[in-house]
Amino acid sequence: VDDRLLDGEQSASLVLSVLDLYSDDDFDGAVDVVVSVTTTDDDNAGYEVSTAGAAVTEAGSTTTFTAVLDVQPTSAVAFSISSPDTGEATVSPAQLTFTNSNWNTTQTVTVTGIDDSLIDGNQTTAVTVAVNASSNSAYTSLPTQTVSVTTSDDDTASFTLSGTTA
């Protein structure tokens, strides 16, 4: 049975026996047969990150993206969420944790634009979603995913003249 649970190979023993009450009496003496069965797990560790409108402004606007696991883990899977340029965009929360009970519920990360008072044009930040090393071992080798977020610059060049007349 496909269980969508990342649980590796599973072994079981099946017992085949004759039910004397419902069978021909010639089979009453038949010896039970034990059959060992191994179920190969067809589930693979993975996660999806989706983006919807990955743009913010220096005025402090926000955008969100979500993450969710592909299959049910046997133990917790934690992700670190980080912005490499917190002068342009910050993230919250900094960690997402999925368990065997919430693995298929999307979790949301909010990205907020930061006003830097520099005339630096629009800046793109690659927000990273990485599996923590202490997570379920089936997930720790998964690659880091990135979400590109563009922060729109709200600064313009200007000057003020101040003077006195002589």
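## A walk from the β10–β11 pair to a nonpolar patch

Start by selecting β10 and β11: these two strands run antiparallel and are joined by seven bridges. Keep in mind as you go that this is a predicted model.

**Stop 1: around the β10–β11 pair.** Colour residues 123–131 for β10 and 145–152 for β11, then pick out Thr144, which sits in the loop between the two strands. Is Thr144 buried, exposed or partly exposed? With a relative accessible area of 46%, Thr144 is partly exposed. Now add Thr128 and set up a distance between C-alpha atoms: Thr144 and Thr128 are 6.7 Å apart there, although 16 residues separate them along the chain. While Thr128 is still selected, look across to β11, where Thr146 stands opposite Thr128.

**Stop 2: the whole sheet.** Zoom out and show five strands together. They make an open sheet in the order β4-β11-β10-β6-β8, and the pairing is mixed. Which strands are at the edges? They are β4, residues 55–57, and β8, residues 95–98, and each of these pairs on one side only. If you draw strand axes, neighbouring strands of this sheet are turned against each other by 25° on average, with direction ignored.

**Stop 3: β6 and its two partners.** Select residues 77–82, which are strand β6. Toward β10, the strands run antiparallel and four bridges join them. Display Ile81 here, and you will find Val129 of β10 opposite. Toward β8, β6 again pairs in the antiparallel sense, over four bridges. For a landmark on that side, choose Phe79, whose bridge partner in β8 is Leu96.

**Stop 4: the rings around Phe79.** Stay with Phe79 and show side chains as sticks. How many aromatic pairs are there to find? The count comes to two. In one of them, the ring centres of Tyr47 and Phe79 lie 4.6 Å apart with the planes at 55°, so this pair is tilted. Tyr47 belongs to strand β3, residues 47–52, and Phe79 to β6, so the contact ties together parts that are 32 residues apart in sequence.

Next, select Phe98 along with Phe79. Their ring centres are 5.9 Å apart and their planes stand at 85°, so the pair is edge-to-face. Phe98 lies in β8 and Phe79 in β6, so this pair ties together parts that are 19 residues apart in sequence.

Put the three rings on screen at once: Tyr47, Phe79 and Phe98 form one aromatic cluster. Add a surface to see how they are covered. Tyr47 and Phe79 are both buried; Phe79 has a relative accessible area of 1%. Phe98 is buried too, with a relative accessible area of 0%.

**Stop 5: out to the surface.** For a change of scene, leave the rings and select Leu14, Leu16, Val33, Val35 and Val37. Together these residues make a nonpolar surface patch of about 380 Å². Which strands supply at least two residues each? They are β1, residues 10–16, and β2, residues 33–39. The largest share, three residues, comes from β2.

Finish on Val33, which lies in strand β2. Why does Val33 count as partly exposed? Its relative accessibility is 42%, and partly exposed is the class between under 20% for buried and over 50% for exposed.

Terms used. Residues are numbered from 1 along each chain as its sequence is written. This is a predicted model: local features need pLDDT of at least 70, side-chain atom pairs count only at pLDDT 80 or more; totals for chains, interfaces and linings use all residues. Side-chain values use heavy atoms; hydrogens and water are left out. Patches are made of residues with over 30% relative accessible area and no salt bridge: like charges are joined within 9 Å, nonpolar side chains (Val, Leu, Ile, Met, Phe, Trp, Tyr) within 5 Å. Accessible areas come from the Shrake-Rupley method with a 1.4 Å probe; for residues, only the protein chains shown count as cover. A salt bridge is a side-chain nitrogen of Lys or Arg within 4 Å of a carboxyl oxygen of Asp or Glu. Buried means under 20% relative accessible area, exposed over 50%, partly exposed in between (1.4 Å probe, protein chains only). Two strands pair if DSSP finds at least two bridges between them. Axes are lines fitted to C-alpha atoms, for helices over the stretch in contact, and angles run from 0 to 180 degrees between N-to-C directions. Rings of Phe, Tyr and Trp (its six-membered ring) pair if their centres lie within 6.5 Å; planes under 30 degrees apart count as stacked, over 60 as edge-to-face and the rest as tilted.
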